[in-house]
Amino acid sequence: MKKARMILDRDYAIGRIDRRLYGSFIEHLGRAVYGGIYEPDHPTADRHGFRRDVIDLVRRLDVPVVRYPGGNFVSGFNWEDSIGPRDRRPKRLDLAWATTETNEVGLHEFVDWARDANSEVMYAVNLGTRGPDAARNIVEYSNHRGGTQWSDLRIKNGAKEPFNIKLWCLGNEMDGPWQMGQKTAYEYGRVASEAGKMMKLVDSGIELVACGSSSLTMPTFGAWEYEVLDQCYDQVDYVSIHRYYGNPTGDTPGFLARNMDMDEFIKTVVAICDAVGGKKHSRKKLMLSFDEWNVWYHSNAQDREIVKRDKWGVALPLLEDIYNFEDALLVGSMLITMLRNADRVKIACMAQLVNVIAPIMTRNGGGAWAQTIYWPLMHASRYGRGTALRPVVQSPAYDCSDYTDVQLLDATATLGDDGSLTIFAVNRDMKEDIKLTCDLRAFGELRPAEHILLHHDDVKAVNTEDQPDTVSPQKGGHGKVDGGHFTIRVPALSWNVIRLEKAE
Ligand code: AHR
């Protein structure tokens, strides 16, 4: 058996973990809304048309914040279409996804749904085809208590109390040529600055996310962040980053190392933020909002066919990736990477939540079930709270297509406010278990509480409506503590949540 070591100390802290690190995203895209969270004819639908089976899965996942309503969709969206009597809301072409948006679910409905799901709304305004005026109006509509045109309209539409939406995205992926209203960095930086200024004049309590480049691989990446932040640094609180990975060639060891790219990406954007801050002699530090991240590639070919066949259809089954076991392992490592950068990554949204590249799948009129990637997100959200620790990990390593020296044991740890310790670990070794020894002498007496293990012999195993538990958590071995050293076996190809609690 291979061996790895980990040293942890309560004084080696990365920082407090923001609960919003475990957020998600619902876009008006595919069956995320219609057939996902909302299906009035479904046997589990509540009186508002929302599926209870889906909301139960969302609640179990523990999603503190949900980004809405897009995504690419938002860059052509008129928020005013989504309020008022439903029968008077317009149907519109959605140019982002070549479908038709009915606006049956809109702002009020989504705010109610999010409240029921125990989530906060992170609302994206349209800075593609619209601008600062529409942006400040929706803040007034949502957050002003009353006595003005927009706030009184909200009250007339049934919501006496303000929605109190605290987190706002200033557009989406504005450097992308696919984006409606694509902009240069200067154009976007200016409009983000003016929109942000006006939105904060309406409600000084809100926080704003500026769009980083749509991808690390964009030619604009880097220069985009610098120029945009040069224009809007003082107005915004976060800069967004987006990243998706795939394994189209079936290279599992290479795929499982992709979170190293994520780590470099985060550190590069942090460096650019600080460079702009330095240039401006500013004492303010910008944080990152990793508001789209996931595995995305399984559905690409199928989507091209669907759009060719059903262009302008309603709620087409788009981006319906069926996730396998190796996807769950990479998602686990991506969460570990975010915890290791918890001092600067304060918000993160797995893209997305239901049906569209999502941890939760549904069948129209049928069941709802958890995909493989549901589990690591749920575990991190439940147990990855408190303080992120900076571990020293010594592990055997391997070389793969993009990286050398990839640690076979990818691990980190968090210290709960109750003194409990949680170790998150992925064993990337395709064949061998790893014996992990942790030096925990700095924590006083701890005892093993639980080892949650996600493993399947087949990396391509998936969960389906009929067999929803094919890839699901099991109990792992307990491990033992001896003189401040904790030893546990970490099985080959597995995601592990190892919890230790204070011994009284
Ligand atoms: O999440 C799917 C899409 O990916 C989003 O609409 C867009 O922002 C990104 O390109």
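**Figure 1. Leu 93, Leu 95 and Trp 312 form a nonpolar patch on the surface.** The patch covers about 310 Å². This view, like every view here, shows a predicted model. Leu 93 belongs to strand S5, which spans residues 92–94. Its relative accessible area is 51%. Exposed means over 50%, so Leu 93 counts as exposed.

**Figure 2. The ligand has 13 residues around it.** Which of them come nearest? They are Glu 27, Asn 72, Glu 173, Tyr 244 and Glu 292. Three of the contacts are described here. In Glu 27, a side-chain N or O atom is 2.6 Å from an oxygen atom of the ligand. In Glu 292, a polar side-chain atom also lies 2.6 Å from a ligand oxygen. Asn 72 uses its backbone: an N or O atom there lies 2.9 Å from an oxygen atom of the ligand. How much of the ligand does the protein bury? Taken alone, the ligand exposes 280 Å², and the protein buries 95% of that.

**Figure 3. Phe 73 and Phe 77 form a tilted aromatic pair.** The structure has 15 aromatic pairs in total. In the pair of Phe 73 and Phe 77, the ring centres are 5.0 Å apart. The angle between the planes is 35°. Stacked pairs have planes under 30 degrees apart and edge-to-face pairs over 60, so this pair falls into the tilted class. Are the two residues buried or exposed? Phe 73 has a relative accessible area of 4%, so Phe 73 is buried. Phe 77 is at 8%, so Phe 77 is buried as well.

**Figure 4. Phe 265 and Phe 290 meet edge-to-face.** The ring centres of Phe 265 and Phe 290 are 6.0 Å apart. Why is the pair called edge-to-face? The planes stand at 90°, so the pair gets that label. Phe 265 sits in helix H8, residues 259–279. Phe 290 sits in strand S11, residues 287–295. The pair therefore ties together parts that are 25 residues apart in sequence. Phe 265 is buried, at 0% relative accessibility. Phe 290 is buried too, with a relative accessible area of 0%.

**Figure 5. Five aromatic residues gather in one cluster: Tyr 68, Phe 110, Trp 113, Tyr 123 and Trp 168.** Tyrosine, phenylalanine and tryptophan are all represented in this cluster.

**Figure 6. A salt bridge joins Glu 432 and Lys 2.** It is one of 40 salt bridges in the structure. The closest N and O atoms of Glu 432 and Lys 2 are 3.4 Å apart. Where do the partners lie? Lys 2 is in strand S1, residues 2–7. Glu 432 is in the loop between strand S20 (421–427) and strand S21 (434–439). So the pair ties together parts that are 430 residues apart in sequence. Glu 432 is partly exposed, with a relative accessible area of 32%. Lys 2 is also partly exposed, at 25%.

**Figure 7. Arg 51 and Glu 39 form a buried salt bridge.** The N to O distance is 2.8 Å. Both residues lie in the loop between strand S3 (23–25) and helix H1 (52–61). They are 12 residues apart. Are Arg 51 and Glu 39 buried or exposed? Both are buried.

**Figure 8. Asp 410 and Arg 340 link a strand to a helix.** Their side chains meet in a salt bridge of 2.5 Å, N to O. Asp 410 is in strand S19, residues 409–415. Arg 340 is in helix H10, residues 325–340. The two are 70 residues apart. Asp 410 counts as buried, because its relative accessibility is 3%. Arg 340 counts as partly exposed, because its value is 25%.

**Figure 9. Asp 46, Arg 52, Arg 59 and Asp 116 belong to one salt-bridge network.** The salt bridges share partners, and this joins the four residues. Asp 46 lies in the loop between S3 and H1. Its relative accessibility is 18%. Buried means under 20%, so Asp 46 counts as buried. The side chains of Asp 46 and Arg 52 are joined by a polar contact of 3.2 Å.

Key: Residues numbered from 1 in each chain as written. Predicted model: local features only at pLDDT ≥ 70, side-chain atom pairs only at ≥ 80, totals over all residues. Heavy atoms only, no water. Patch = residues over 30% accessible without salt bridge, like charges linked within 9 Å, V, L, I, M, F, W, Y side chains within 5 Å. Areas by Shrake-Rupley, 256 points an atom, 1.4 Å probe, with all protein chains shown as cover. Helix = DSSP H or I, 4+ residues; strand = E, 2+ residues; numbered from the N terminus. Buried < 20%, exposed > 50% of the residue type's maximum accessible area, 1.4 Å probe, protein only. Near = heavy atom within 4 Å. Polar contact = N/O pair within 3.5 Å; in protein donor to acceptor, adjacent residues only side chain to side chain. Phe/Tyr/Trp six-rings, centres within 6.5 Å; stacked < 30°, edge-to-face > 60°.
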